[in-house]
Amino acid sequence: MAKHIFVTGGVVSSVGKGIIAASLGRLLKSRGLEVVLQKLDPYLNVDPSIMSPFQHGEVFVTDDGAEADLDLGHYERFIDVNLTEAATVTAGSIYQSLIARERAGDFGGGTVQVVPHLTNEIKDRVYALAKDSGADVVITEIGGTVGDIESLPFVEALRQMRYELGPGNSCHVHATLLPYITASSELKTKPTQHSVQTLRGLGLHPDFIVCRSEHEIHEDEIAKISLFCDVPKDHVIAALDVPTIYEVPLGLREQNFDLAVAQTLGLEVGESQLEEWENYIKTTKDLSDTVRIAMVGKYVTLPDAYLSVIEALKHSGVHHNHRIEIGWIDSETLSPEQVKAALSKGDFDGILAPGNFGVDHWEGKIAAAQFARENNIPYLGICLGMQAALIDFARNVAGLTDANSVEFDKNTPHPLIISNENGEAGSNRSAIRLGAHTEKLTENTLVAAAYAQDAVEERHRNHYEINTDYRDKLEDAGLVISAVSDDEQYIEAIELADHPWFVGTQAHIEYKSRPTKPAPLIRDFIGAAIDKKAS
């Protein structure tokens, strides 16, 4: 039977529960255990697919096509496991399932209640992941903050599970913030005490308290938390701010957090094998050279909207022993001429155009692709960034002056980008190609060289696709089709033969990047940017 670890948060939201859960998963995996992580989100959206990136950050996509919270990206990057739809649960999906069952008469006309029906549904999702994954340890994070009204059914489900699982089969990690009062130059433990008091009122007692802080936590403060929260002193763990999130596991290991958790769960573990991870951190700290990348996008005021892209750039930078400096270019508020001016003044070594939605940014993205093409600057277009590059090529090289995407101009005489009529019905109510799909790579191309194989699987989140009716005309003008879907229905990647490095990919290649295994195309893009800088 799998052992269960539950992670909750107190005092404030965004306290770092996801990074703490992912770090604990990394540590336990390094000791030989099979680990899987799961996020329970109390919000009533069925999933984040149509939530604003400005509010929620990026939507992460799994191999099986689940659209999920960005914390799943952290989970995958830390434990190097491809998660599934079972790893993401929202209150909206729970209620949707219950109401569908009630309408179908599954409850025999009985009253459907929060307890036991809603809590049973939550527990079933957690137990199902444990069974289907076959993992030794399941780490389940509950979003939000303990005490929130919307979190109560999830906390109650957790309480019931701890009773059902029995002693030694689960443990509870509670993450809190220790605020620093500048006027008195001291950390305050009282909010943590009140948070634990709230938990106790709900029938839960944490086994571990992980304390987030910008300042060193002293022994007397740990002793106070231990005394008033009834937790052993060695189970009060400090999680201080560090330069990169990938250092968090090392700080937790120094306090024997993973060993204490394993002991609480009665798990036998081996020696910690984190050499590769430690080497990555060491390299990160030793970086002295910098490469400048222009990120041309819509959501530049909230970097979390491009979180996986940013992390993938960092992974590739470390691979090449370079620090990544990102220059944000707002393609929504700047005119195409202003985008080109910003790129010209920025002296960037590479230009990356990621995906996003909405029309206002579109011409700015096309201008960025044109600037990169005409000035021989390494360019990587992801999803919509690829489509922007294609429109620039069609208009300015292939002679299709009024070419456009039907997403932004339904009456364009040259619909280069068309709706995905063959896709699955997505949660945002339109056809969409989601999850991992196989791509066949064209020999002797930049894309094939990056992957060093004939076919790959990459994840997609595409509502619109390249119109294959224009393939011959584009290729005649010099465009290289460097990848197609395995059934040859979709064009997956393009590049330019007469350019140092210019690639567009329909896939969201950033999702599968790992700290020690960077995404191949992003890795080679950074390599090309470094070569440009050197020349």
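# Worked exercises: helices, strands and odd backbones

Glu337 and Lys345 are exposed on the other side of helix H13. Other than what? That's what we'll work out to begin with. Keep in mind that the model is predicted.

## The two sides of H13

**Task.** Find which residues of H13 (residues 336–346) are buried, and work out how they are arranged around the helix axis.

**Solution.**
- Step one: pick out the buried residues, which are Val339, Leu343 and Gly346.
- Step two: look around the axis. These residues cover an arc of only 70°, which puts them on the same side of H13.
- Step three: go back to where we started. Glu337 and Lys345 are the exposed residues on the other side.
- Step four: ask what the buried residues touch. They pack against strand S12 (289–297), S13, strand S14 (350–353) and helix H14 (362–374).
- Step five: check what comes next in the chain. H13 is followed by Asp347, whose phi is positive, near 50°.

## A length check and a face on H11

**Task.** Check whether the length of helix H11 (residues 275–286) agrees or disagrees with 1.5 Å a residue, then find its buried face.

**Solution.**
- Step one: H11 has twelve residues, and at 1.5 Å a residue they should span 16 Å. If you wanted to multiply by twelve, careful: the rule takes one less than the number of residues.
- Step two: compare with the model. The end C-alpha atoms are 16 Å apart, which agrees.
- Step three: list the buried residues of H11: Trp277, Tyr280, Ile281 and Thr284.
- Step four: look down the axis. The buried residues fall within an arc of 95°, so they line one face of H11.
- Step five: turn the helix around. Exposed Glu276 and Lys282 are on the face of H11 turned away from its buried side.
- Step six: find the partners. The buried residues pack against helices H1 (17–30), H3 (71–79), H9 (248–254) and H12 (307–319), plus strand S13 (322–330).

## Two buried threonines

**Task.** Decide whether Thr90 is buried or exposed, and find what its side chain reaches.

**Solution.**
- Step one: locate Thr90, which is in strand S5 (residues 88–90).
- Step two: use the cut-off. Buried means under 20% relative accessible area. Thr90 has 2%, so it's buried.
- Step three: follow the side chain, which reaches the backbone oxygen of Val46 at 2.8 Å.
- Step four: see who else is around. Leaving out residues up to four places away in sequence, Thr90 touches Asp41, Tyr43, Asn45, Val46, Asp47 and Phe154.

**Task.** Now do that for Thr505: is it buried or exposed, and which backbone atom does its side chain reach?

**Solution.**
- Step one: Thr505 is in strand S24 (residues 502–505).
- Step two: its relative accessible area is 2%, so Thr505 is buried.
- Step three: its side chain reaches the backbone nitrogen of Ala507 at 3.2 Å.
- Step four: not counting residues up to four places away in sequence, the residues Thr505 touches include Leu380, Cys383, Met386, Glu492 and Leu521.

## Spotting unusual backbone geometry

**Task.** Work out what stands out about the backbone at Ser14, Glu488 and Pro116.

**Solution.**
- Step one: recall what to expect. Most residues other than glycine have a negative phi, and most peptide bonds are trans.
- Step two: try Ser14. Phi is positive here, about 55°, although Ser14 is not a glycine. Ser14 is in the loop between strand S1 (3–9) and H1, and a relative accessible area of 71% makes it exposed.
- Step three: try Glu488. Its phi is positive too, near 60°. Glu488 lies in the loop between strands S22 (479–485) and S23 (491–496), and is exposed, with a relative accessible area of 53%.
- Step four: try Pro116. The peptide bond from Val115 to Pro116 is cis, with omega near 15°. Pro116 is in helix H5 (residues 114–133).

## The whole protein

**Task.** Decide how the protein compares with a globular protein of its length.

**Solution.**
- Step one: take stock of the parts: 18 helices and 24 strands.
- Step two: compare sizes. The radius of gyration is 25 Å, close to the 24 Å that the globule rule gives for 535 residues, so the protein is as compact as a globular protein of that length.
- Step three: add the dimensions. The C-alpha trace spans about 75 × 65 × 45 Å along its principal axes.
- Step four: look inside. Buried residues make up 57% of the 535.
- Step five: look at the surface. About 21800 Å² is exposed, and carbon and sulfur atoms supply 47% of that.

Key. Residues are numbered from 1 along each chain as its sequence is written. This is a predicted model: local features need pLDDT of at least 70, side-chain atom pairs count only at pLDDT 80 or more; totals for chains, interfaces and linings use all residues. Side-chain values use heavy atoms; hydrogens and water are left out. Helices (H or I, at least four residues) and strands (E, at least two) are DSSP runs, numbered from the N terminus. Buried means under 20% relative accessible area, exposed over 50%, partly exposed in between (1.4 Å probe, protein chains only). The arc is that of the directions from the helix axis to the C-beta atoms. Contact means heavy atoms within 4.5 Å. The radius of gyration is taken over C-alpha atoms; the globule rule is 2.2 Å times the number of residues to the power 0.38. Accessible areas come from the Shrake-Rupley method with a 1.4 Å probe; for residues, only the protein chains shown count as cover. A polar contact is a pair of N or O atoms within 3.5 Å; within protein, one must be able to donate a hydrogen and the other to accept it, and residues adjacent in sequence count only if both atoms are side-chain atoms.
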